[in-house]
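Trainee: Hey, I'm new to this one. Can you walk me through it?
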Amino acid sequence: SIEGIEIENIQRRMFEPLKNLTHIYFKKFQYCGYAPHVRSCKPNTDGISSFEDLLANIVLRVFVWVVSAITCFGNVFVICMRSYIRSENKLHAMSIMSLCCADCLMGIYLFVIGAFDVMYRGEYNRHAQSWMDSTQCQIVGSLAMLSTEVSVLLLTYLTLEKYICIVYPFRYLTPRKCQTVTTLTVIWVLGFVIAFVPLVNKNFFRNFYGTNGVCFPLHAEQTETAGAQVYSVVIFLGLNLVAFLIIVFSYGSMFYNIQRTGTKATEYSNHIKKEVTIAKRFFFIVLTDSLCWIPIFILKILSLLHVEIPGSISSWVVIFILPINSALNPILYTLTTRPFKEKIHQVWYNYRQRRSFTNSQTTYTPSFMWLEMWPVQETTPALSTPKFTTDPSEMSYNNSGKVELLPIKSSNGT
């Protein structure tokens, strides 16, 4: 029984000579990995992993596969849809596709964790230390960090873009392709630096990603070096918290400004109308992101205050709360948007037309463009007969039979 002893320099060779040792009582579950030949070790779980399994809870073992599948499929689906459908704002679509790529990395991370959980099922303690020290654990932990940081930075960039466009509409200049590509590149490079710097200097960071079985550096316990602890605080309570506050302030200022200027000039209202509908969609995206990050901020603050945090809470945060945002984003980006519903109705209408008319009858195939200003809550009319999203007198058909919008004359003749 050495459960009252903190062993900072613990190694396997300390216990290998004790061939007949059958029971051992440590202060921390992580120490059990240094005595894999011992039949019974206490404590037998840290809330994330157990003596037998990498994921101690059966719900987590199932959920890690479900969220991984939903996240990967959903984000790949959004990327494919955005690539297939012509967008009114190509730069905006490029930013969303970049965000989907970041979210997809979270699905890959969960898939790898689930695969190693299956591989070590029933005998995890024999492989615990080698797994947490392995290159696979370091890389998969880096992918999770890369996904979270790029996602936070992209949401901050998109939020600031909408904030400037709505609050300062007449001074706002639409970013060009070069500017957007440069910004996205800088965000990804910064994400790579944040995620992979701990792998470069082992003396400073030690085993930054290998403090638990899921390889995510939440560091709810004070097990890291002083340098790693400072780095973790700078990322989670520095960069991420500042980004979160910027997002909250920006949306609060946007909606206050919209309400305050709602009765002003018609020109101003028309200018911000499209941007407001986009802002509403991003509000729900940011809301889900906030619900994911607030528990992490709280856990990190409690950790700095040396408050003992049950490992089961950390496991639910890492496996359940953190990735759920990546799984929900495709629903907010595509499945609830009017273009997606319009496309489904279009396919269904063409199917009915093929059954109702002869082969000589031309099928109605409207031109389809992803209009970002369409509000989320707006519903699409049933296409039992050809209907249009605008006045039919404002449309014409080109040589290929597709619909084109005609210019509209305003009251001043322009």
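Mentor: Sure. Keep in mind that this is a predicted model. An unreviewed UniProt entry lists "transmembrane region" for residues 62-84, 96-119, 139-160, 181-200, 230-251, 282-307 and 313-335.

Trainee: Okay, take residues 139-160. What's the helix and strand share there, and how far apart are the end C-alpha atoms?
Mentor: That span is 100% helix and 0% strand, and its end C-alpha atoms lie 31 Å apart.

Trainee: And what about residues 181-200?
Mentor: Over residues 181-200 you get 100% helix and 0% strand, with 28 Å between the end C-alpha atoms.

Trainee: Switching topic: at what angle do helix 1 and helix 2 pack?
Mentor: Helix 1 covers residues 58-84 and helix 2 covers residues 90-119; they pack at about 155°, and their axes are 8 Å apart. Angles over 145 degrees count as roughly antiparallel, so helix 1 is roughly antiparallel to helix 2.

Trainee: Is their crossing left-handed or right-handed?
Mentor: Helix 1 and helix 2 cross in a left-handed way.

Trainee: Which classes of residue make up that contact?
Mentor: The contact of helix 1 with helix 2 has 18 nonpolar, 6 polar and 4 charged residues.

Trainee: Now Q138. Where is it?
Mentor: Q138 sits in helix 4, which spans residues 135-167.

Trainee: Buried or exposed?
Mentor: Q138 has a relative accessible area of 6%. Buried means under 20%, so Q138 counts as buried.

Trainee: What does Q138 touch?
Mentor: Leaving out residues up to four places away in sequence, Q138 touches M132, D133, L199, K202, N207, Y209 and G210.

Methods
Residues are numbered from 1 along each chain as its sequence is written. This is a predicted model: local features need pLDDT of at least 70, side-chain atom pairs count only at pLDDT 80 or more; totals for chains, interfaces and linings use all residues. Side-chain values use heavy atoms; hydrogens and water are left out. UniProt positions are given in the numbering used here, feature names are shortened, and annotations may be inferred rather than shown by experiment. Helices (H or I, at least four residues) and strands (E, at least two) are DSSP runs, numbered from the N terminus. Axes are lines fitted to C-alpha atoms, for helices over the stretch in contact, and angles run from 0 to 180 degrees between N-to-C directions. Angles under 35 degrees count as roughly parallel, over 145 as roughly antiparallel, 65 to 115 as roughly perpendicular and the rest as oblique. A crossing is left-handed if the near helix is turned anticlockwise from the far one by less than a right angle, and right-handed if clockwise. Ala, Val, Leu, Ile, Met, Phe, Trp, Tyr, Cys and Pro count as nonpolar, Asp, Glu, Lys and Arg as charged, and the others, Gly among them, as polar. Buried means under 20% relative accessible area, exposed over 50%, partly exposed in between (1.4 Å probe, protein chains only). Contact means heavy atoms within 4.5 Å.
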